[in-house]
Amino acid sequence: MRHLLNPLDFSLEETGQLLDLAKDIEDNLPEYSHVCNGKKLATLFYEPSTRTRLSFEAAMLNLGGSVLGFSSADSSSASKGESVADTIRVISCYADICAMRHPKEGAPLVAANYSGIPVINAGDGGHQHPTQTLTDLLSIRSLKGRLNDLTIGLCGDLKFGRTVHSLINALVRYENIKFILISPPELRVPEYIREDVLRANNIEFIEMDSLDDAMPDLDILYMTRVQKERFFNEEDYIRLKDCYILDKKKMKLAKEDMYVLHPLPRVNEISVEVDDDKRAAYFKQAQYGVYVRMALIMTLLEVNKPC
Amino acid sequence: MRHLLNPLDFSLEETGQLLDLAKDIEDNLPEYSHVCNGKKLATLFYEPSTRTRLSFEAAMLNLGGSVLGFSSADSSSASKGESVADTIRVISCYADICAMRHPKEGAPLVAANYSGIPVINAGDGGHQHPTQTLTDLLSIRSLKGRLNDLTIGLCGDLKFGRTVHSLINALVRYENIKFILISPPELRVPEYIREDVLRANNIEFIEMDSLDDAMPDLDILYMTRVQKERFFNEEDYIRLKDCYILDKKKMKLAKEDMYVLHPLPRVNEISVEVDDDKRAAYFKQAQYGVYVRMALIMTLLEVNKPC
Amino acid sequence: MRHLLNPLDFSLEETGQLLDLAKDIEDNLPEYSHVCNGKKLATLFYEPSTRTRLSFEAAMLNLGGSVLGFSSADSSSASKGESVADTIRVISCYADICAMRHPKEGAPLVAANYSGIPVINAGDGGHQHPTQTLTDLLSIRSLKGRLNDLTIGLCGDLKFGRTVHSLINALVRYENIKFILISPPELRVPEYIREDVLRANNIEFIEMDSLDDAMPDLDILYMTRVQKERFFNEEDYIRLKDCYILDKKKMKLAKEDMYVLHPLPRVNEISVEVDDDKRAAYFKQAQYGVYVRMALIMTLLEVNKPC
């Protein structure tokens, strides 16, 4: 039985197959509407995350399955002191597959060790959120037609953002990927990413602090939020924050076939005036998130497309 | 694409078609049990309202569709500062239609402007609650067989009750409607209802403060709650409240074919001894609420009855 | 119309038929996957209980039905002061059957009096939890092949545990049942159980305070939690608690075909080292809980297995 706990649990080949399936789902959605009839997904959300939860639920409903679960720890038995190991053994009697969000790092791994059903990590603390990474990969591949030969700009808080770290880890497995890492000096990628991931894999990368300068070279711009509380002082924050807000003026510097992604929710790091630009793909990305989760559920349940 | 944001969004003719469909649903329920197979309703309830939410969910399930969503803002992404405009664009990737309840007036209108799917206003602050009005219209038409030639009594808090204002606005479009407006002087309908709605449409109406006096003339009695906190002083409240509690004694003054409606929940403004009276229609009204929401979902999704 | 409010609402014969149906469901699960198509279960949980709620929802989904409801009073209309009687009359318009959990004893009984649909008591305060008792009966019968001729050990807090009291009440209806009641002196079964249930039915029972001593004779060991706050003083608690923790060493004293049950959630009263013992049946018990609830829903809805 397979689980999905980390973004790299699937090999490059397996990831390719998953993305192929997601693509076929996008192209032939009605053909998949009954493949999970009679199957049940449990959404075990020990902390709220509407977007992620509803994306999983939409995915399972699209496949003809059904859904049960809880959306916050308050309404769960966790408050009665039950261990994750015990909970998952009970849930294994109720559902065929589960998606777990938990504030503690490693909780989904513990669950997987005791589970009778496939466990999908839907985010564990600041640790991993593998279906976001798969969503990002599918988005890039669908928008650009490839996962090789790309210049990827990552912009914002590159120090604490787990989404960005996971995406870098996932993309270094493809050929001829070049990163432009755009952030204030305080929020650069951690040393281990630079050394153990980028340099160790001979990946070309540039660190810069001007989004304007980076724009012309990018095939993909992946935006993330710069949170005020990450800065050492208010002064720096005020000085720097506008440099990392994407607006129409900055978009003019970009290629015609560059696409903007964002894991959402955004606050103000992408100006709403960009939303109507045909290169703004962050809402489309939410749609890819449903397709990739459909593919993932099918893969873990070993369900095939009907002939 | 159509939305339902205000009770008068549908013309008189469209409302008539909707009520006809609801009537046919009531009479031939099983024939509708698969018309929304594969369709998904998102219930986006930024404030709790079990009755309204479950009525929508029952409606969608009765049509063969499925449901996802959230039942309070706590478990949504709203707490992360996401705008309604962004949320609805993401939800548009997850569902085919949505019902939104929001504490802020106008939030469903904002959502509709950015939505890729039909938006139903399920109540926005003290503003509008159009499916309650449609429920009231269907209830009256089903119970009395018509929406013309009726004397409608509205009783209770007519000053602040949005339900009552919406119902008046909806009923003035029909012929030969007469209103008897029964309330304490402090809680009469606002001036704009009297002038811009009733007098402007040449609608006959009487304002009185005695429910007893009104009873004999009524075809429909629409009860609402008189909240203690609406009164200027405790003395007035104690003096007046009993006059607006419907009981068996008052029911004896009414016609044999007069029906009592109430948007629910009631607290004590209708004595439980009235519940067994065959003219007490406020629980049946909840059933009409499901039928009219079924008709509404079908109409907005442009789904037809199978031949 | 039937409801299930108390564990003994069903006669011995009816209980037998229910358990027979549950057994057939276990053996032929796929044959039941559409018997409740188009039916809706309302889960009305005025206090959270994830395990019980999800067990009901899994049961209904397994039967091809669908589910709506709420998982805590916060997100219900209860906060608006609506009575249970009014709520159930509205819910009767939305669903075909309901499971109600309520902090107040007797609330499901009140609901049943006004309901248009079957009501299942899913736990009312410290009072009754009849589907737990049915789960326990099915577990014992499935594991041991019979409900007669058994020596049942009940261990832990026998004074306050409603689960234990209900199970005793249910088991005294079978033949040749012998109880071994294992608890600290402070937490023995109440006098009325001893007199009005056990002695009045000529049931053989022994009270002892050593789990070790009891082990060799047992066919079933039903464990419950010993809560620290139940003890008169810390000293007694420390002295006694270890005697009531089931571990590998104690399991060695038991028969090869003795089975351990527990209503869950457990905290530490069963050591995790016991989980791998083939006689540890407390997680399998959760599975039986789904089967018995499927049988119960079918019975109350008067739905039959397809020929």
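# A tour of three chains

Start by putting chain C and chain A on screen together: 3 salt bridges run between chain C and chain A. A salt bridge here is a side-chain nitrogen of Lys or Arg within 4 Å of a carboxyl oxygen of Asp or Glu.

Before you click on, know that this is a predicted model, where local features need pLDDT of at least 70 and side-chain atom pairs count only at pLDDT 80 or more, while totals for chains, interfaces and linings use all residues. To find your way, residues are numbered from 1 along each chain as its sequence is written, chains are lettered from A and ligands numbered from 1 in the order in which they are written, and side-chain values use heavy atoms, leaving out hydrogens and water.

**Stop 1: where chain C meets chain A**

Pick C:Arg266 and A:Asp86 and show their side chains. They join in a salt bridge, with 2.6 Å from N to O. Across this interface, 7 residue pairs are in polar contact, with both residues at pLDDT 80 or more. (A polar contact is a pair of N or O atoms within 3.5 Å; within protein, one must be able to donate a hydrogen and the other to accept it, and residues adjacent in sequence count only if both atoms are side-chain atoms.)

Which elements of chain C give two or more residues to the side that touches chain A? Color helix H2 (50–62) and helix H11 (282–301) of chain C, and you have them. Helices (H or I, at least four residues) and strands (E, at least two) are DSSP runs, numbered from the N terminus. H2(C) gives the most to this side, with 9 residues. By type, the side of chain C that touches chain A splits into 10 nonpolar, 6 polar and 5 charged residues. For that split, Ala, Val, Leu, Ile, Met, Phe, Trp, Tyr, Cys and Pro are nonpolar, Asp, Glu, Lys and Arg are charged, and the others, Gly among them, are polar.

Now select the whole contact, meaning heavy atoms within 4.5 Å. You should get 21 residues from chain C and 18 residues from chain A. About 1800 Å² is buried between these two chains, and carbon and sulfur atoms give 56% of it. Buried area is the accessible area (1.4 Å probe) that two parts lose on being put together, summed over both. Highlight C:Arg51, C:Leu54 and C:Phe283: they supply 28% of the area that chain C buries against chain A, more than any other three residues.

**Stop 2: where chain B meets chain A**

Hide chain C and bring up chain B. Its contact with chain A takes 18 residues from chain B and 21 residues from chain A. The area buried between them is about 1800 Å², with 55% given by carbon and sulfur atoms.

How many salt bridges cross the interface of chain B and chain A? The count is 3. To look at a salt bridge here, select B:Arg89 and A:Asp275, whose side chains meet at 3.0 Å, N to O. There are also 7 residue pairs in polar contact between these chains, both residues at pLDDT 80 or more. On the side of chain B that touches chain A, strand S2 (66–70) and helix H3 (84–91) are the elements that give two or more residues. S2(B) gives the most, with 5 residues. This side of chain B holds 7 nonpolar, 5 polar and 6 charged residues.

**Stop 3: inside chain A**

Keep chain A alone and select helix H6 (162–171) and helix H7 (191–198). Their axes are 11 Å apart and the angle between them is about 10 degrees. The two helices are therefore roughly parallel to each other. Show A:His165, A:Ile168 and A:Asn169 in H6(A), which meet A:Tyr192, A:Ile193, A:Val197 and A:Leu198 in H7(A). (Axes are lines fitted to C-alpha atoms, for helices over the stretch in contact, and angles run from 0 to 180 degrees between N-to-C directions; under 35 degrees counts as roughly parallel, over 145 as roughly antiparallel, 65 to 115 as roughly perpendicular and the rest as oblique.)

Last, go to A:Leu264 and A:Pro265, joined by a cis peptide bond with omega about 0 degrees. A:Pro265 sits in the loop between strand S9 (259–261) and helix H11 (282–301) of chain A. A:Leu264 has phi near 60 degrees, a positive value in a residue other than glycine. Jump to chain B, where a cis peptide bond joins B:Leu264 and B:Pro265.
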